[in-house]
Amino acid sequence: MGLAVKVYRWDDACAPQLGANPTPSEIIAVLKACLVTGYGAKAGLGWSVAFEDAGTSKIAFRNSTTEGSGGFVQFWSTTGGNTANTMLYVRAASAMSALDNFTHSSYRFVHYNSSAHSQWVVIGTSAGVYILPRFESTNTNYLNSSQYEVVYFVGDIDSNYPNDVTRFTICAPNFTADMSAVNYSHSVAISSNTGTGRMYGVDGNSLAIPHTINVQALSIQIPNSNYTLESQGINPVLLPAMIVMSSPSTAVDVDGLLALYSSKNPAYRGTVPGLYAMPFCGYGNATWPTERVFNGVKYQLLRGYNNYMWLNIEEWY
């Protein structure tokens, strides 16, 4: 059996709120409530706080050590301050001994924050989560390239290797180096065949190799399409968002073996949990959230410039 998915939203009863001009400490309080403490009738996801320095708006969370890998993710203010609309840096690691002390660290991501993002959604399990700073002034699915809703995944990938000790990471498209800024193209709603950071050895070796989120076979990019599966009589086809080395035919593992034949640094690592591409762009003018049941499982369409990425909101792993 997999792990049940929970959905947390700003409009839940007793949910923590962000101000009209959110601060890093407010965002951290939301994450802590969703991941750890819970709020109202909703329990937290089963993560823990590993390290925290409230004075500099810096915190590290750890996912479950029984249902997950026990990996870490640190959030911190990009300026070290707590002023309105300040963004946060995000870095994942397989282990941490203190704040800013990472083993097998990911590239640095940026959590988008602005006066247009006082609403939030967190969707996840004890092993991994999607974090969604919601663009609040639009209630339909299509967002143009200036309306940022940068959804990203943090946690354990759904690895092809059961004993994968470095499976905890950040997944987002066009993520190929430490980031200083962020735009609409960094949301998993925009996935096709784009860099998603670096990954280390299944066995814990420290060779870091660039990887991609690869759904290119089904990534039909048509912005602002208002067709629906129902109106067109089309059966859904869903492709898992694969995590693949950027150069799978030429990359080599820690021993110099071609990665296609390696179990230490394998070319095809796994999938982004619950994330699927469909060869159909639509529902652009439909009201968010758009949810549909495919093969007995409920999915939610991710909003963005091209509406074809769907998230399983029932069970992962």
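Which residue forms a salt bridge with Asp 11, and how far apart are the closest N and O atoms? Here are some notes on this predicted model, beginning with that pair.

1. The partner is Arg 9: this residue forms a salt bridge with Asp 11, and their closest N and O atoms are 2.6 Å apart. Asp 11 has a relative accessibility of 43%, so it counts as partly exposed. In total, the structure holds 11 salt bridges, and two others deserve a look below.

2. Please turn next to Glu 149 and Arg 303, which form a salt bridge with their closest N and O atoms 2.4 Å apart. Glu 149 sits in the loop between β11 and β12 (152–156), while Arg 303 sits in the loop between β20 (297–301) and β21 (309–312), so the pair ties together parts that are 154 residues apart in sequence. Buried or exposed? For Glu 149 and for Arg 303, the accessibilities settle the matter. Glu 149 is at 4% relative accessibility and counts as buried, because the cut-off for that class is under 20%. Arg 303 is at 2% and is therefore buried by that cut-off too.

3. A further salt bridge joins Arg 292 to Glu 230, with 2.7 Å between the closest N and O atoms. This pair also links distant parts of the chain: Arg 292 belongs to strand β19 (residues 291–294) and Glu 230 to helix α2 (residues 229–232), 62 residues apart. Arg 292 is partly exposed, with a relative accessible area of 27%, and Glu 230 is partly exposed at 48% relative accessibility.

4. Now for the empty space. Searching the whole structure turns up four cavities of 30 Å³ or more. The largest cavity holds about 110 Å³ of space. It is lined by 15 residues, and Leu 18, Ile 27, His 111, Trp 120 and Pro 133 are the closest to its centre. Elements that each supply at least two lining residues are α1 (24–37), β10 (119–124) and β11 (128–134); β10 gives the most, with four. By class, this lining has 11 nonpolar and four polar residues, and no charged ones.

5. The second largest cavity has about 60 Å³ of space. Here the salt bridge of point 2 comes back into view, as both Glu 149 and Arg 303 are in the lining. Also lining this cavity are Leu 143, Asn 144, Gln 147, Tyr 184, Ser 187, Ala 189, Ile 190, Gly 304 and Tyr 305. The classes divide into five nonpolar, four polar and two charged residues.

6. On packing, a general remark first: in soluble globular proteins, nonpolar side chains tend to be buried together. In this model, the largest nonpolar core has 69 residues, and those with the most contacts inside it are Phe 75, Phe 109, Trp 120, Tyr 130, Tyr 152 and Val 272. Helix α1 gives the most to this core, with seven residues. Another core lies apart from it, made of eight residues, among them Met 278, Tyr 283, Phe 294 and Tyr 299.

7. Trp 120 is worth a closer look, since several points meet there. This residue is among those closest to the centre of the largest cavity and among those with the most contacts inside the largest nonpolar core. Leaving aside neighbours within four places in sequence, Trp 120 is in contact with residues including Tyr 8, Trp 10, Ala 15, Pro 16, Leu 18, Val 30, Cys 34, Tyr 39 and Leu 132. Its contacts also include Arg 134 and Arg 9, and Arg 9 is the residue paired with Asp 11 in point 1.

Conventions:
Residues numbered from 1 in each chain as written. Predicted model: local features only at pLDDT ≥ 70, side-chain atom pairs only at ≥ 80, totals over all residues. Heavy atoms only, no water. 1 Å grid on protein atoms, 1.4 Å probe; cavity = no way out; pocket = protein on both sides within 12 Å on 5 of 7 lines; lining within 4 Å. Points joined across faces, edges and corners; volume = space filled by probe spheres on them. Nonpolar A, V, L, I, M, F, W, Y, C, P; charged D, E, K, R; others polar. Core = buried A, V, L, I, M, F, W, Y, C linked by side-chain atoms within 4.5 Å. Buried < 20%, exposed > 50% of the residue type's maximum accessible area, 1.4 Å probe, protein only. Contact = heavy atoms within 4.5 Å. Salt bridge = Lys/Arg side-chain N within 4 Å of Asp/Glu carboxyl O.
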